[in-house]
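Here is a short tour for someone meeting this structure for the first time. Take a moment to look it over, then read on.

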Protein chains: 2
Amino acid sequence: MARPRTFDEAQVLRAVRDQFWNKGYAATSMDDLMQATGLGKGSLYGAFGDKHQLFLKVFDAYCVNSLESVKKTLEGPDAGALERLRQYMLGVATASAAPTNRRGCLLARGTSELAAQDAHVADRALETFRGLEAAFVRCLEQARAHGDLAAHADPPKLGAMLLGLMRGLEAVGKAGMDEACLRGMVETAFEHLPVPAKRRR
Amino acid sequence: MARPRTFDEAQVLRAVRDQFWNKGYAATSMDDLMQATGLGKGSLYGAFGDKHQLFLKVFDAYCVNSLESVKKTLEGPDAGALERLRQYMLGVATASAAPTNRRGCLLARGTSELAAQDAHVADRALETFRGLEAAFVRCLEQARAHGDLAAHADPPKLGAMLLGLMRGLEAVGKAGMDEACLRGMVETAFEHLPVPAKRRR
DNA sequence: AGAATGGTGGACCGGGCGGTCAATAACTTT
DNA sequence: AAAGTTATTGACCGCCCGGTCCACCATTCT
């Protein structure tokens with residue numbers, strides 16, 4: 001009954017996301033977005049609304065995808081739970097330090113730039129952090145059940161602490177701190193987790 | 001031999017800093033800075049150069065002041081070193097969560113927004129992080145010497161880890177996470193520091 | 001007093017900003 | 001094939017951006 005769209009919405013949103021990711025919100029112009037997507041201004045406005053709505057859309061999607069991906073990564077049997085979590089965080093350390101990945105994390109960048117002024121961004125970010133925390137806690141509970149963590153360990157507290165550390169990796173990584181340091185932080189944190197009494201060295 | 005300046009340079013730089021601090025670099029216009037400082041454009045350009053130089057100036061000053069202030073806070077006898085560090089980090093947690101302090105930390109904001117494109121910002125940020133880390137390590141060494149930390153504890157590693165956590169506090173605080181959570185992260189980290197054998201419970 | 005020096009304020013500039021709109025194209029329905 | 005509907009394009013809008021420039025002013029030196 002009408003002319004169909006000639007672009008792939010998901011693909012366009014990916015291009016928009018990358019643009020915001022690379023340059024930040026305020027520093028990205030609509031012309032940048034036009035060039036990145038190959039679409040005219042009218043199409044962008046018609047399909048997604050203004051710049052701010054466009055940002056919210058890709059920001060939300062980024063948060064949902066990140067969280068889902070982490071959940072999937074950490075999913076698995078009790079046996080390897082602690083090691084999965086450790087490997088995941090080491091991966092974050094490496095990614096945060098990689099000079100190729102200098103853009104950092106869109107969640108961090110968007111929160112830093114907009115959360116103070118935009119409640120939607122703050123809410124979504126907090127929700128995502130809570131989700132990550134919950135995934136960490138689940139992993140730690142599995143680890144405790146399997147005996148990789150002391151019975152007296154407190155997964156909720158440890159999970160929150162590891163979440164804090166993880167966001168810190170991202171922050172110091174953006175300043176250019178080297179990979180060895182970032183991975184060292186993770187390893188130090190894990191070395192100090194409470195070990196079951198039987199295995200205490 | 002010429003007309004003297006009618007403004008206090010330090011005061012002007014403070015106003016400029018607050019503006020960048022509140023709105024971010026890209027979102028702050030020269031008009032904002034004129035209004036914040038009360039100076040005309042000519043004076044600003046004549047005294048400090050363009051917007052970017054102005055930012056670098058206040059960013060550098062912020063880094064130097066922050067670092068110095070932390071060093072002074074953590075300074076003291078071996079006896080209370082660990083507690084001083086703990087209290088300092090709890091203070092960061094509280095400050096990061098305070099809704100009044102929604103602007104966060106200029107070092108974090110500036111790094112997040114500009115470090116990827118501006119080597120000067122990245123360098124200065126990294127230098128500051130290293131300085132903070134060193135101050136933490138010094139505190140931990142004092143604590144170990146005094147017997148508040150196990151002899152086998154590794155201050156450099158622990159200091160790096162605590163730095164990571166501290167930057168994470170700032171990051172999750174900006175999303176609006178509550179004070180109790182942030183303080184809990186710090187307390188959890190400190191509860192898991194290696195305690196001297198004599199005092200192990 | 002007058003010249004020299006440098007600070008001050010604001011008019012001014014070209015360009016890029018976010019956003020609108022009307023003409024046109026591509027499709028479905030009747 | 002005609003009518004109806006929506007996507008697309010890019011010209012266009014007013015505004016504000018960062019930055020320049022210059023007329024004017026306050027001070028000091030001679």
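## Where the two chains touch

The contact draws 42 residues from chain A and 42 residues from chain B, where two residues are in contact if their C-beta atoms, placed from the backbone, lie within 7 Å. On the side of chain A that touches chain B, helix 6 (106-114), helix 7 (119-146), helix 8 (155-174) and helix 9 (179-191) each supply at least two residues. Helix 8 of chain A gives the most, 15 residues. Helices here are DSSP runs of H or I with at least four residues, numbered from the N terminus.

This is a predicted model, in which local features need pLDDT of at least 70 and side-chain atom pairs count only at pLDDT 80 or more, while totals for chains, interfaces and linings use all residues. Residues are numbered from 1 along each chain as its sequence is written, and chains are lettered from A and ligands numbered from 1 in the order in which they are written.

## How the copies are related

A turn of 180° with a shift of 0.0 Å along the axis lays chain A on chain B with an RMSD of 0.0 Å (superposed by least squares on the C-alpha atoms of residues with pLDDT of at least 70 in both). That is the relation of a two-fold axis. The same surface serves both copies, as 100% of the contact residues of chain A recur in chain B.

## Around the DNA

Which residues are closest to DNA strand D? Of the 25 residues that surround this strand, they are A2(A), R3(A), G42(A), R3(B) and S29(B); a residue is near the strand if its C-beta atom, placed from the backbone, lies within 6 Å of it. Helix 3 of chain A gives the most to this surface, with five residues.
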